[in-house]
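This report describes how charged, polar and aromatic side chains are arranged in a single protein model. The sequence and the structure are shown first.

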Amino acid sequence: MNNTSVKKMITLGDGTKLADMGDGTYKVYKSCHSAVAEEKWLNQMAAYGYEFVDRTMSGYIFVCNNLADELYFSVMFSSVSSSKGELCDITAAEASARKEEGSELITTYGTKVYYKTARAAASTSSAPVKDAENKRRHMRNVFVFNFSMLCFFLGLLCYNLMYWVRFSANNTFAEVIKNPDGSYILEDYISKEYSLWNYVYDLSDSLGKFPSTPHVFVFACLTLVFVPFAIYYLDQYLYARKFEKSIKTLWKNA
């Protein structure tokens with residue numbers, strides 16, 4: 001093995017491992033699923049003396065800077081994604097306005113935009129507070145979307161369960177005919193060559209062969225799919241709202 005290809009690894013107190021790239025930069029192979037947790041971690045790295053300078057698909061790039069702790073690193077979401085060196089008009093205008101306040105654009109990654117602001121500029125720049133508000137709004141919107149989808153599919157599930165009860169009470173069965181080639185034809189008021197019966201798990205043994213039986217299965221699955229997403233993004237929204245309050249207090253007292 002060529003020893004020159006082996007990167008020197010540095011382990012920090014919190015367990016973070018940095019790979020010395022040999023050109024004065026250090027790379028951390030890491031993926032953050034929470035923008036709030038990501039922002040906290042970037043500032044924790046600054047406390048260790050490592051300044052965040054770039055973001056790649058596989059991780060984060062830092063340089064050693066003993067004054068990094070005098071900077072505050074923030075993350076915000078843009079409505080339009082930008083690639084490195086090709087900022088969208090919205091991000092470019094935002095970066096230009098913030099530069100006059102003492103907040104500097106670091107890099108972009110998809111719809112995420114990274115800034116650094118001198119803590120000494122707390123009286124003239126409110127960039128970290130704006131970014132905290134941005135993250136809270138973003139998490140709120142994502143939660144509302146997932147919760148809306150959960151309610152939508154839950155409503156359809158309840159609707160079909162209601163009809164399942166009615167069909168069961170009236171003994172209104174759906175006649176499913178199996179063809180010699182293995183396909184099915186559903187006689188459900190109208191003759192159909194293709195239906196949900198062909199694609200869903202057969203619950204007729206437990207629910208009966210009623211017209212709404214396959215729909216119950218589909219919407220039950222879709223409801224269950226969105227339950228964890230709704231819970232997760234509710235937690236992220238509450239986390240972002242709490243973080244926003246802490247940043248407002250921190251920046252006010254900086």
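## Aromatic residues

Tyr232 is partly exposed, having a relative accessible area of 33%. The model discussed here is a predicted one. A search of the whole structure finds 13 aromatic pairs. One of them joins Tyr232 and Tyr233, whose ring centres are 5.0 Å apart and whose planes stand at 75°, so this pair is edge-to-face. The cut-off behind that label is an angle of over 60 degrees between the planes.

Aromatic rings also gather elsewhere in the protein. Trp41, Phe52, Tyr60, Phe62 and Tyr114 are linked by ring pairs into a cluster. Trp41 has a charged neighbour as well: Lys30 lies over the face of its ring, at 5.0 Å from the ring centre. A similar arrangement involves Tyr109, where Arg55 lies over the face of the ring at 4.0 Å from the centre.

## Overall architecture

The protein has five helices and ten strands. Of its 254 residues, 39% are buried. Among the contacts with a separation of 6 or more, 58% are between residues 24 or more positions apart.

## Salt bridges

How many salt bridges does the count come to? The count comes to ten. Three of them are set out below, with the N to O distance of each.

| Basic residue | Acidic residue | Distance (N to O) |
|---|---|---|
| Lys112 | Glu38 | 2.8 Å |
| Lys116 | Glu51 | 2.7 Å |
| Lys248 | Glu133 | 3.8 Å |

The salt bridge between Lys112 and Glu38 connects strand β7 (residues 103–118), which holds Lys112, with helix α1 (residues 35–47), which holds Glu38; the pair therefore ties together parts that are 74 residues apart in sequence. Lys112 counts as buried, at 11% relative accessibility. Glu38 is likewise buried, with a relative accessible area of 0%.

Strand β7 also contributes Lys116, whose side chain meets that of Glu51 in a salt bridge. Glu51 belongs to strand β4 (residues 50–55), so this pair ties together parts that are 65 residues apart in sequence. Are these two partners buried or exposed? Lys116 is buried, with a relative accessible area of 18%. Glu51 counts as buried at 8% relative accessibility. The limit applied in these assignments is a relative accessible area under 20%.

The third tabulated salt bridge joins the side chains of Lys248 and Glu133. Lys248 lies in helix α5 (residues 213–252) and Glu133 in helix α3 (residues 127–170), so the pair ties together parts that are 115 residues apart in sequence. Lys248 counts as partly exposed, at 37% relative accessibility, and Glu133 counts as partly exposed at 23%. Through salt bridges with shared partners, Glu133, Arg136, Glu244 and Lys248 are joined into one network.

## A buried asparagine in helix α3

Helix α3 also contains Asn146. This residue counts as buried, at 6% relative accessibility. Which backbone oxygen does the side chain of Asn146 reach? The side chain reaches the backbone oxygen of Val142, at 2.8 Å. Leaving aside residues up to four places away in sequence, Asn146 touches Phe226, Phe229, Ala230 and Tyr233. Tyr233 is thus a contact of Asn146 and also the ring partner of Tyr232 in the edge-to-face pair.

## Helix α2 and the preceding loop

Helix α2 spans residues 89–99, and within it Thr91, Ala95 and Arg98 are buried. Why do these residues lie on the same side of α2? They cover an arc of only 70° around the axis, which puts them on the same side of the helix.

Glu86 lies in the loop between β6 (71–82) and α2. At 56% relative accessibility, Glu86 counts as exposed, because the limit for that class is over 50%. The C-alpha atom of Glu86 is separated by 9.5 Å from that of Thr108, although the two residues are 22 positions apart along the chain.

Methods. Residues numbered from 1 in each chain as written. Predicted model: local features only at pLDDT ≥ 70, side-chain atom pairs only at ≥ 80, totals over all residues. Heavy atoms only, no water. Buried < 20%, exposed > 50% of the residue type's maximum accessible area, 1.4 Å probe, protein only. Helix = DSSP H or I, 4+ residues; strand = E, 2+ residues; numbered from the N terminus. Arc of directions from axis to C-beta. Salt bridge = Lys/Arg side-chain N within 4 Å of Asp/Glu carboxyl O. Polar contact = N/O pair within 3.5 Å; in protein donor to acceptor, adjacent residues only side chain to side chain. Contact = heavy atoms within 4.5 Å. Phe/Tyr/Trp six-rings, centres within 6.5 Å; stacked < 30°, edge-to-face > 60°. Lys NZ or Arg CZ within 6 Å of the ring centre and 35° of its normal.
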